[in-house]
Amino acid sequence: MAKKKRKNVKRNTKKNSKKNNKKNDKEKVKRKQSVITIQKHWRGAQARKRFRTCHASCVIIQSIIRQWLVRRKINAWIQPAITIQKAWRGYIGTKKIKSLVDNASIQQATAATKIQSICRMLIAREAYHSRLQKSDLNRIHAATALQSFARRQNAQKSFYALRNQ
């Protein structure tokens with residue numbers, strides 16, 4: 001009987017080991033599935049993280065490109081305006097310079113005419129005085145004084161008119 005008991009023990013251990021093997025296999029499968037599930041979740045989280053950083057980078061790049069395109073469009077609008085302003089300012093500056101030059105040349109011509117007039121007057125006066133006789137000098141002095149006064153009045157009027165312009 002001892003042999004039978006041993007056989008039963010051996011049979012029981014074989015049955016137990018088969019049961020244990022099945023339990024172990026089930027546990028191994030569960031562990032493997034658990035590991036796979038954990039890896040799946042981990043890899044998914046990593047992929048989402050990479051996607052978020054990539055998406056944020058793409059948004060920044062798009063923003064920069066849009067800004068660049070808008071700046072380029074604005075510069076395309078501004079450049080003709082700058083050209084028009086430059087031409088207008090050049091025209092106005094040239095006009096001012098011409099008017100200044102014209103005024104200066106008119107003033108120079110007027111001054112030259114005045115100088116010539118005064119020179120002719122002095123020459124004529126000397127010629128007139130040399131022709132006069134001494135007896136007529138008193139009468140002539142009075143006429144000269146009147147002429148001088150009249151000329152001075154005319155000169156003052158023209159001077160004030162030029163100054164007020």
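1. Ile82, at a relative accessibility of 39%, counts as partly exposed, since the partly exposed class runs between the 20% limit for buried and the 50% limit for exposed residues. In this predicted model, Ile82 is found in helix α1, which covers residues 2-131.

2. Ile82 also contributes to a nonpolar surface patch of about 480 Å², whose other members are Val70, Ile74, Trp77 and Ile78. The 39% accessibility of Ile82 lies over the 30% that a residue needs in order to be counted in such a patch.

3. For the chain as a whole, the secondary structure comes to two helices and zero strands. Of the 165 residues, buried ones make up 1%, and the accessible surface comes to about 15,900 Å², with 60% of that area belonging to carbon and sulfur atoms.

4. On the cysteines, the structure holds zero disulfides. Cys54 is in no disulfide, and the nearest cysteine sulfur to it, that of Cys58, is 4.3 Å away; the cut-off for a disulfide is a sulfur pair within 2.5 Å, so this pair does not qualify. Cys54 has a relative accessible area of 45% and is therefore partly exposed, and Cys119, with a relative accessible area of 41%, is likewise assigned to the partly exposed class.

5. A search of the whole structure for aromatic pairs finds two. One of them joins Trp88 and Tyr91, with 5.6 Å from centre to centre and 35° between the planes, and this geometry is classed as tilted; the reason is that an angle under 30 degrees would be needed for a stacked pair and one over 60 for an edge-to-face pair.

6. As to where this aromatic pair sits, Trp88 and Tyr91 both lie in helix α1, where they are three residues apart, or about one turn of the helix. The two partners fall into separate accessibility classes, because Trp88, at 53% relative accessibility, counts as exposed, whereas Tyr91, at 47%, counts as partly exposed. The boundary that divides them is the 50% limit, over which a residue is called exposed.

Technical notes: Residues are numbered from 1 along each chain as its sequence is written. This is a predicted model: local features need pLDDT of at least 70, side-chain atom pairs count only at pLDDT 80 or more; totals for chains, interfaces and linings use all residues. Side-chain values use heavy atoms; hydrogens and water are left out. Helices (H or I, at least four residues) and strands (E, at least two) are DSSP runs, numbered from the N terminus. Buried means under 20% relative accessible area, exposed over 50%, partly exposed in between (1.4 Å probe, protein chains only). Accessible areas come from the Shrake-Rupley method with a 1.4 Å probe; for residues, only the protein chains shown count as cover. Patches are made of residues with over 30% relative accessible area and no salt bridge: like charges are joined within 9 Å, nonpolar side chains (Val, Leu, Ile, Met, Phe, Trp, Tyr) within 5 Å. A salt bridge is a side-chain nitrogen of Lys or Arg within 4 Å of a carboxyl oxygen of Asp or Glu. Rings of Phe, Tyr and Trp (its six-membered ring) pair if their centres lie within 6.5 Å; planes under 30 degrees apart count as stacked, over 60 as edge-to-face and the rest as tilted.
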